[in-house]
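The exercises below concern the structure shown next. Each task is followed by a solution that proceeds step by step.

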Amino acid sequence: MTRLVIRGARLLGADQADLLVEDGVITEVGSVSVPSDAEVLDADGLVALPGLVDLHVHLREPGREDAETIATGSAAAAAGGFTAVFAMANTSPVTDTAEAAERVLDLGRACGLTEVVPVGAVTKGLEGAELAELGLMARSRAKVRVFSDDGHCVHDARIMRRALEYIKPFGGVVSQHAQDPRLAGREACCHEGEVSGRLGLPGWPGIAEESIVARDVMLARHTGSRIHVAHVSTAGTVEVIRWAKAQGIDVTAEVTPHHLVLTTDLLLGYDPVYKVNPPLRPTEDVEALRAALADGTIDAVATDHAPHALHDKEHAFVDAAFGMLGLETALSVVSDVMVRTGLLDWADVARVMSTAPARIGGLAHQGRELAVGSPAHITLVDPDREVTVDAAASRSRSRNNPWHGRTLHGAVLATVHAGRVTHDVRNGAGTRRELTNATTSGADL
Amino acid sequence: MTKHLISSADLSRAEVEDILETAASMHDLQRREVKKVPTLRGRTVINFFFEDSTRTRSSFEIAGKWMSADTINLSAKGSSTSKGESLRDTAMTVDAMAVDALVIRHHASGACHQVAQWVRCSVINAGDGTHEHPTQALLDAYTLRTRLGDLDGKHVVIVGDLTHSRVFRSNVITLKTLGARVTVVAPPTLMPSGIGAWSAADGFATSWDLDPVLDGEGEHGPVDAVMMLRVQRERMSGGYFPTAREYTVGYGLTRDRLERLVARNDDVLVLHPGPMNRGLEIAPEAADSPQSVVLDQVSAGVAVRMAVLYHLLAGEDTPAPMPASATEGAVR
């Protein structure tokens, strides 16, 4: 039996307690007398959260292992406090079969740093034309429950309707990348507004997101099925979701850390590190998103971690790849802009970064209360730690980090995944680079 | 003077005026039999055109040659991604040849801005996507000043496809820098997004209706110059306007509109950056009228680009190309 004692952590930021973990399960909470064979993790004063769950990451394997692998992405996830991540289907080949989903599952398990949950494509090849083998993916060992064509919108209303109907028997959900391709085509690379007008960049108007979300919540009502809105970026979308929830429609939504902070004006220097889809929006939208996360209209924070090789970001702005890193900085950003401002407390953070995403994604063993009988997925946070982000120190294989050089308050100091410490920098006030070796040494990378 | 010319906003009023004064002396040179001056001997200027261009490219090339710089033209049509090379690699490759200036025309907005951060040489924006075209704005200002004198308080109306126009974006900056009053006119579909906040912040006027502006109604006031922008016929398929005929009726400088303009002010100027769609945004009668300065713009193009090369590239020890008169007091 392997034993781990986590000593003196403040559960959800409230009362201090010890946690005894035996064979990956929490077996005692309170004042624990340390068994002689137990590993002790001194967490005095740290906030203990249920392991974080990310509904939206891109791990690039298979296909673009030069940008990220399941191993490097898992290491970044563990460093960010995540014990489960949902790997989007837009790999090469696309995760649109049971075999492809099981392969992602197995690669994640072999790595063992975090639970890698494959997301299945809604349509074959993400082409938006024919349904992928949703049922076979659901029945596979990967037990796929979240389906998404992310990167592309399921824009054909008929396909969307059929997908929503078809996934009902197995409790699936469609995570929609809401972007009407007629209102915001492939060339749209920047929020449509004053900045895009001045810069002469093709705009991506908020209405291209809002009109799809409005349609989708009505389709969810019509089908009685479940819809999840990926990376909400506008105040208008928030209004639609708030209305839909008031109607009892089964809709959930996520917001990325970057859409909670970064704004359109960062594009004035044409730096492709800020090119992301959906685009960075103006301050009014950012404020509405924070408020919606605080009042529960938006259920979850998801990173949309999108690693890219350096050269894919060194093109002209319109030609550069969309996306930014997010796994390692997510908790720090949420701590900085939501907790320090009083919009959320740590119990709320547990809800939006663990409990709710686990529930939306259908992971019964994740996002559980820190109580006897729960699987030991635990994230330990120092709420007062200042972190100055260094892109070079990332565990990700990529460096497209928009937070580089920014100072954030609050940091993940240790992560426990299924009873095993997958990340621990409590004593490493040292650099993140040094930590890379510490966290990856046992990980068979 | 800055090292690069990426945006018209890089130039102060004094710098614009210096360049235009130098351009005036360069323009004199153009009328001589021997047009070459040794000013930039030993300097290398690469005209790197990622997009087709006739007048801008030839104008930069002639400007470089008359200044005795070694000028080389490179073209790379299509996006760099389609060639598999990043913009950064392309820029670094050229920069590694130790050139002095890179004149860039690129299909992507912001490309020159990005390249300037990677290379050691000077970068001159010869048009980036739908963003800016600062030397066009300088040559337009030169043309206007030649006829109108000081532009302080002069009213310039810019009409056409503003959304896709780099000429508009640079002109509105340079004209404001020189103290002119600017009104831009386009149908709502061809107005850039956010133009309301933008025009309020930068102090220019906007209108969806051309006639009240040309007639100087109300706050618009009298017109000193009208700049017609090219409208691409393919915009119709994007739903920007229904037909060419309808566009002309709403926004073309027709014969009738020209006559009304001239009746109010026969010194009014008609500009067009070219190439013109005769019969669409500008009637032939307007293009060929005594008020038209379209060819003056082309002619000024070479002189202005010589002046820009001089101000960006000439070192402290480089003698001014026209020692005596016009370049006196030129600031680098």
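**Exercise 1. Determine how many residues of chain A and of chain B are in contact with each other, and describe the side contributed by chain A.**

Solution. In this predicted model, 18 residues of chain A are in contact with 24 residues of chain B. Next, consider where the residues on the chain A side come from: helix α5 (residues 194-199) of chain A supplies the largest share, 5 residues. Finally, sort that side by residue type: 6 are nonpolar, 7 polar and 5 charged.

**Exercise 2. Assess the confidence of chain A, and identify where pLDDT stays under 50.**

Solution. Begin with the average pLDDT of chain A, which is 95; 96% of the residues score at least 70. Then locate the exception: over residues 429-445 of chain A, pLDDT stays under 50. For this stretch the model has 25 contacts beyond four places in sequence. Where pLDDT is low, the predicted coordinates should not be read in detail.

**Exercise 3. Establish whether the radius of gyration of chain B agrees with or departs from that of a compact globule.**

Solution. Chain B has 332 residues, for which a compact globule would have a radius of gyration near 20 Å. The value for chain B is 20 Å, and therefore the two agree. Along its principal axes, the C-alpha trace of chain B spans about 55 × 50 × 35 Å. The chain contains 13 helices and 9 strands, and buried residues make up 53% of chain B. Among contacts in chain B with a separation of 6 or more, 74% are between residues 24 or more positions apart.

**Exercise 4. Decide how far helix α5 (residues 111-118) of chain B is enclosed, and name the elements against which its buried residues pack.**

Solution. Count first: 6 of the 8 residues of α5(B) are buried, so the helix is largely enclosed by the rest of the structure. The buried residues are Ala111(B), Cys112(B), His113(B), Gln114(B), Val115(B) and Ala116(B). They pack against α4 (87-95), β3 (101-106) and β4 (122-128) of chain B.

**Exercise 5. Give the strand order of the five-stranded open sheet in chain A, and place helix α7 of chain A relative to β13 and β14.**

Solution. The order is β9-β10-β13-β14-β15 (chain A), with parallel pairing. The edges are β9 (146-147) and β15 (300-301) of chain A, each of which pairs on one side only. Within the sheet, 3 bridges join β10 (residues 173-176) of chain A to β13 (residues 227-229) of chain A; Gln176(A) stands opposite Val229(A). Helix α7 (residues 235-246) of chain A lies across β13 and β14 (251-255) of chain A, at about 150° to β14(A).

**Exercise 6. Find where in chain A the cis peptide bonds Glu61(A)-Pro62(A) and Asn277(A)-Pro278(A) lie, and judge whether Leu126(A) and Ala418(A) are buried or partly exposed.**

Solution. Most residues other than glycine have a negative phi, and most peptide bonds are trans. The bond between Glu61(A) and Pro62(A) is cis, with omega about 5°; Pro62(A) is in the loop between β6 and α1 (70-79) of chain A. The bond between Asn277(A) and Pro278(A) is also cis, with omega about -5°, and Pro278(A) is in the loop between β14 and α8 (283-295) of chain A.

Turning to phi, Leu126(A) has a positive value of about 60°. Leu126(A) counts as buried because it has 23 C-beta neighbours inside 10 Å. Ala418(A) has a positive phi near 50°; with 18 such neighbours, Ala418(A) counts as partly exposed.

Terms used
Residues are numbered from 1 along each chain as its sequence is written. Chains are lettered from A and ligands numbered from 1 in the order in which they are written. This is a predicted model: local features need pLDDT of at least 70, side-chain atom pairs count only at pLDDT 80 or more; totals for chains, interfaces and linings use all residues. pLDDT is the predictor's confidence in each residue, from 0 to 100. Two residues are in contact if their C-beta atoms, placed from the backbone, lie within 7 Å. Helices (H or I, at least four residues) and strands (E, at least two) are DSSP runs, numbered from the N terminus. The radius of gyration is taken over C-alpha atoms; the globule rule is 2.2 Å times the number of residues to the power 0.38. A residue is buried if 20 or more other C-beta atoms lie within 10 Å of its own, exposed if 12 or fewer, and partly exposed in between; C-beta atoms are placed from the backbone. Ala, Val, Leu, Ile, Met, Phe, Trp, Tyr, Cys and Pro count as nonpolar, Asp, Glu, Lys and Arg as charged, and the others, Gly among them, as polar. Two strands pair if DSSP finds at least two bridges between them. Axes are lines fitted to C-alpha atoms, for helices over the stretch in contact, and angles run from 0 to 180 degrees between N-to-C directions.
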